[in-house]
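Q: Hi, could you walk me through this structure?
A: Happy to, let's have a look at it together.

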Amino acid sequence: MGRVRGVGDDSSTTFSDGGGVPRVVIVDDHRLFRSGVRGELGDAVDVVGEAGDVDSAVQVIERAQPDLVLLDVHLPGGGGVEVLRRVLARNPQIRFLALSVSDAAEDVIGVVRGGARGYVTKTISGRELADAIVRVADGDAVFSPRLAGFVLDAFSATDAPPVDPELDRLTQREREVLRHIARGYAYKEVAKELFISVKTVETHVSSVLRKLQLSNRHELSRWATARRLV
Amino acid sequence: MDKASGDRVAPAADETPRLTRAIDGRLLGGVAAGLARHLGVDPVVVRLAFMALSVGGIGIAVYVALFFFVPTEEAEREDDPAARAADGRRKGRDISQLVAYVGLAAGLGFLFLLFGGVFDPLLWFVVFGTLGAVILWQQANPGQRDEWMTSTVGRGKGLMRAGAGVLLVVVGVIGFLVFQEQLQNARAGLTFAFTLLAGVALIVAPWIVGLVRERDAERRERIRNAERAELAAHIHDSVLHTLTLIQRRAEDPREVQRLARVQERALRSWLYQRPADAETTVSPALERVAAEVEEEHGIPIEVVCVGDCPVDDGLHAMLRSAREAMVNASKYAGTDTISVFGEVEPEEVLVFVRDRGAGFDLDAIPEDRMGVRGSILGRMDRHGGSARIRTAPGEGTEVQLRMPRIPQM
């Protein structure tokens, strides 16, 4: 079992300041899954809270002020998107990593447009999840191969002229990076493959994330509104 | 009667069927049904035409001639049990329809006797009135009404029909009265009747609206229940079954994992897959191939696909090569997961099969090992594509397949 520290007893140092492991809140309506994740993560993170529905999640997060929230997409009381909306309005500094079993494009795109900085599936290994958490807590974006695939799909359909060329199109380099992620490459491997630094890969992915969140491309809006998210 | 025979039109064939006397859906000798099938029109039209021609006697003569000279339809559907089963209820003669035609013929005859010719306007007003009444009565048929109400287009059509029906009846009744020179006498009565009707309509309208709403709610509930039942059946058939199997095989972790993966895949495809043609486009085909390999070898394969297009010969070969690459990775890489990425671009289709496993020395593979050379490199070459294998001992393997797309017509 991971450690649950008393709420708020270590809020003086945050992870971003270089204060050790990231402080994490796990939000998922399956208790078994929460304890499973906590066990897998072990000492890699500091679990400072758990919640099983939207209302308690908002409360716990606002009280614990974690570096990062592991957020399930499907939650009773409005889903992960509702948590994002309510928390980010008052605490824009808190970062979210979405975690779901869902393969549906509208779920994935919806939660990322809602403000999550990454999306991984629940089949991810403990080590990879810990990596992803550190990365997102650091301010980077984390794309699973599937999310990369969805994004390529959404941005590749060239039926309509882009409304805002800067936001509605991916650069050649960004596409290249996404393609490698979709092929199952880790950031380090992508960097080696494209002869760029890991930092540059991260920059590209973050830029894609920004476009994904701000673009009004038809496909994105369609996916997002399919479930009345965003 | 229109409705009863509406679904009797012969299955739409690509070319005009030969003129035969129909066995299926005949009323008398199958002449009208056969002719209708040959001409591609509703049998009712042909039957009414025969009836109209029969006024002068020609129709009967033509019918008898056709009956003798046109061969009966061969029983060529014998060997198609499915089609037979589907047509089972249409077999034989539809007595009620026959009765309707006889009644219609008798009625027409009676009218002619009464009015002494087609040109008496009184006859036409009677016909108008009857036609309108028939349309209105049809509206009252619950099955038909449901059909019309389901779509907005259908609803509009239904209203149009009802309007036409009312108009025909009114024209018929008033015309009849005018020509009988009864209208003057009837005016007082008409006013009274209309006032009464309006009053009744005012009273009844809210109740009818309520009924309609209730019925809509009921229908929605019915659909919801059907969905729920389908979901329950699905979960029962697949998920519960798998869970039982897993409990029984609890001592064999590999088998448990395999069962869980298979079930997960099935459930996912049931929940999330857009209902694309499972076998005819690249994306679902690639996923199916991966599922098969995974089931055979027990190594999870993650498939990501961008874009989609129909599978042609070249892409078929590509899918087989991809399968071979997945099998190789499952067998030799010694890794716990394999990534497959497919991308459909305007000019070509790319597939990458990647593992982070043992890797191997490509040059050290003996010439006679068919796996890589024959099934992957050779096959892609033969179909105009190309394959590249990137690997080194300890570095994992990536098989890159590339197939140009043949422009669609």
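**Strands and helices**

A: Let's begin with a strand pair in this predicted model: E1(B) and strand E2 (residues 338–344) of chain B run parallel and are joined by 6 bridges.

Q: Nice. Which residue of E2(B) does B:Ile301 stand opposite?
A: B:Ile301 faces B:Ile338 there.

Q: And what is the strand order in the open sheet of chain B?
A: The order is E1-E2-E3-E5-E4, so 5 strands with mixed pairing.

Q: Which strands stand at the edges?
A: Strand E1 (301–306) and strand E4 (386–391) of chain B do. Each has a single partner strand, so one side of each has no neighbour in the sheet.

Q: How about the twist from one strand to the next?
A: That averages 10°.

Q: Which helix lies across E1 and E2 of chain B?
A: Helix H6 (residues 145–156) of chain A, and H6(A) runs at about 10° to E1(B).

Q: Switching topic: at what angle do helices H9 and H10 of chain A cross?
A: Roughly 105°, with the axes of H9 (residues 187–194) and H10 (residues 198–214) coming within 8 Å. Since angles of 65 to 115 degrees count as roughly perpendicular, that is the term for H9(A) relative to H10(A).

Q: Which residues make that contact?
A: From H9(A) they are A:Tyr187, A:Lys188, A:Val190 and A:Ala191, and from H10(A) they are A:Val198, A:Val201 and A:Glu202.

Q: How many of those are nonpolar, polar or charged?
A: The contact of H9(A) with H10(A) has 5 nonpolar and 2 charged residues, and no polar ones.

Technical notes: Residues are numbered from 1 along each chain as its sequence is written. Chains are lettered from A and ligands numbered from 1 in the order in which they are written. This is a predicted model: local features need pLDDT of at least 70, side-chain atom pairs count only at pLDDT 80 or more; totals for chains, interfaces and linings use all residues. Axes are lines fitted to C-alpha atoms, for helices over the stretch in contact, and angles run from 0 to 180 degrees between N-to-C directions. Helices (H or I, at least four residues) and strands (E, at least two) are DSSP runs, numbered from the N terminus. Angles under 35 degrees count as roughly parallel, over 145 as roughly antiparallel, 65 to 115 as roughly perpendicular and the rest as oblique. Two residues are in contact if their C-beta atoms, placed from the backbone, lie within 7 Å. Ala, Val, Leu, Ile, Met, Phe, Trp, Tyr, Cys and Pro count as nonpolar, Asp, Glu, Lys and Arg as charged, and the others, Gly among them, as polar. Two strands pair if DSSP finds at least two bridges between them.
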